[in-house]
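Biologist: I've got a structure open and I'm a bit lost. Could you show me how to read it, one feature at a time?

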Amino acid sequence: MIINFSCQGGFANLQIAFSVDTSELSESLSQELIDLVERSHFFELQLQQAAPKFSGPPDVFVYELTIQDANKSRAIACNDVTAPPALRPLLARLQKLALEQSSNSD
Amino acid sequence: MTFNRCFCNRCMCQFVPPEVTANLAKAGVETAQISARASNQQRNRRKNKIVNLSTLTPSAKVGHAMRKIYDSQHEWEQRVELVRSEGDPVNSDLVVNKVYDYVGIVRDFFKKVLNRDSIDNSGMDLVLNVHFGQKYLNAFWDGDEMTFGDGDGEIFVGFADSLDVVAHELAHGVTQFTAGLEYKDQSGALNESFSDVFGTAITQFANQETADTADWLIGDEIMGPRLYGEALRSMKEPGTAYSNSLMGKDSQPSHMKDYYSGPKDNGGVHINSGIPNKAFYLTSMDIGTDKAVLIWYTALQRLTPTTDFNTAVAALVDSARLLVREGQVPCGSPQVVRAAFKAVGLPTV
Ligand SMILES: [Zn+2]
């Protein structure tokens, strides 16, 4: 499973990203992410009709997430107002991984 | 009532005592808009109106907008459980009590100092959600209410634990109901800047600080142990608030020559806000934060959704002139505002 995630904005104006092929991760982290994707029902998730507005609301994070798995692929964008609650645990975990990656990067 | 003489020797304008100004900010603003075209006769009428109002209004009122604090209970949902409403006794949750007190300070500042009755100036309820999500690293205004995460305890701690942050978010609501500045590019950077301006002015007011004694930092209270000592923005020296491997380096410019014109952050709304932020700092150092915020608030009501930096500078200078005429800010304030913006490279030609 290939995951491309980015998160930008927020009160702190974070600009972070995380891209990974789960087959290259440790067994436990790989399984954790696969489970989170499954539990979010990522490929079946109904998004709100309203796509995230480019210009607001103020201080929300804007998330972009693309997942490729076997022969499925889906790319979604949402923000703190439009993000489906079911997707939240996955977004939060990916955000943490993105922050850990940036803290290890220098 | 008595008027005090203005501090400056250059003119004979009058300075209204602060306790009167407190009651009259709104009346001042409304008349200020008329006074651009006002004759001496109208000006005299306005003075009478000021006197009458101050007689009729016995004391500065606190805002009466109702506070409603909801606990998201770590779900990713708003309004999960109402835990403290206006007038309720203290809650066992310290975060609830803190945010209740902070939003009360913000509400009362808008009422007492700027004579604005809540976010919409019609006493709109103030709805705040705390403990949103799990380790959520943010706070936001969604168009109707405010939402705060607890942070992860490492990078950021609770976003509701900061008066700066609460005031910043509520001010986004005020901007929505006044100028309605679009949240992108220069209008978006102005939107962000106005929120930082009110955030810092209200913090200084609450802590009884002045422009010289304040730290002019935004978000320093929410930095967790891994970023302790850092801040998110510095209005005094934009670009110096942080530099670390987690967040990179503060990229706020303090001058138009370093203006960010890329696509990130809605065209740099949290980046280019450094430029008008610095101009507010410079103005406050000269005439005081309390006077500067009055000019900024007056101007905010004259801006439109697509106002750019140059137009905002013109509106701020005009507002300063109107408030000088009203006797609410010192003579020389328009020149101070012009000089502050000149120092950051505005207006551009
Ligand atoms: Zn903001």
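Modeller: Sure, let's start with metal donors: they are N, O and S atoms within 2.8 Å of the metal (3.2 Å for Na, K and Ca), and water is not among the atoms, so sites may look incomplete. One caution: this is a predicted model, where local features need pLDDT of at least 70, side-chain atom pairs count only at pLDDT 80 or more, and totals for chains, interfaces and linings use all residues. As for bookkeeping, residues are numbered from 1 along each chain as its sequence is written, chains are lettered from A and ligands numbered from 1 in the order in which they are written, and side-chain values use heavy atoms, with hydrogens and water left out.

Biologist: Okay, which protein donors does the zinc ion have?

Modeller: Asp59(A) is listed twice, each time through an OD atom, alongside His168(B) and His172(B) through NE2 and Glu192(B) through OE. They lie 2.0 to 2.3 Å from the zinc ion.

Biologist: Where do His168(B) and His172(B) lie?

Modeller: General idea first: an α-helix has 3.6 residues a turn, so residues three or four places apart point the same way. Here, both histidines sit in helix H4 (residues 163-177) of chain B, four residues apart, about one turn of the helix. Helices (H or I, at least four residues) and strands (E, at least two) are DSSP runs, numbered from the N terminus.

Biologist: Is His168(B) buried or exposed?

Modeller: Buried means under 20% relative accessible area, exposed over 50%, and partly exposed in between (1.4 Å probe, protein chains only). His168(B) comes out at 0%, so it counts as buried, and His172(B), at 2%, is buried too.

Biologist: How much area is buried between chain A and chain B?

Modeller: The size of an interface is often given as the accessible area lost when the parts come together. Buried area is that loss for two parts (1.4 Å probe), summed over both. Between chain A and chain B you get about 2600 Å², and carbon and sulfur atoms give 62% of that. On chain A's side, strand E2 (14-21), strand E3 (61-69) and helix H2 (88-104) each give two or more residues. H2(A) gives the most, with seven.

Biologist: And how many residues does the contact take from each chain?

Modeller: Contact means heavy atoms within 4.5 Å. It takes 27 residues from chain A and 34 residues from chain B.

Biologist: What about chain B as a whole?

Modeller: Chain B has 10 helices and 11 strands, and buried residues make up 59% of its 349 residues.
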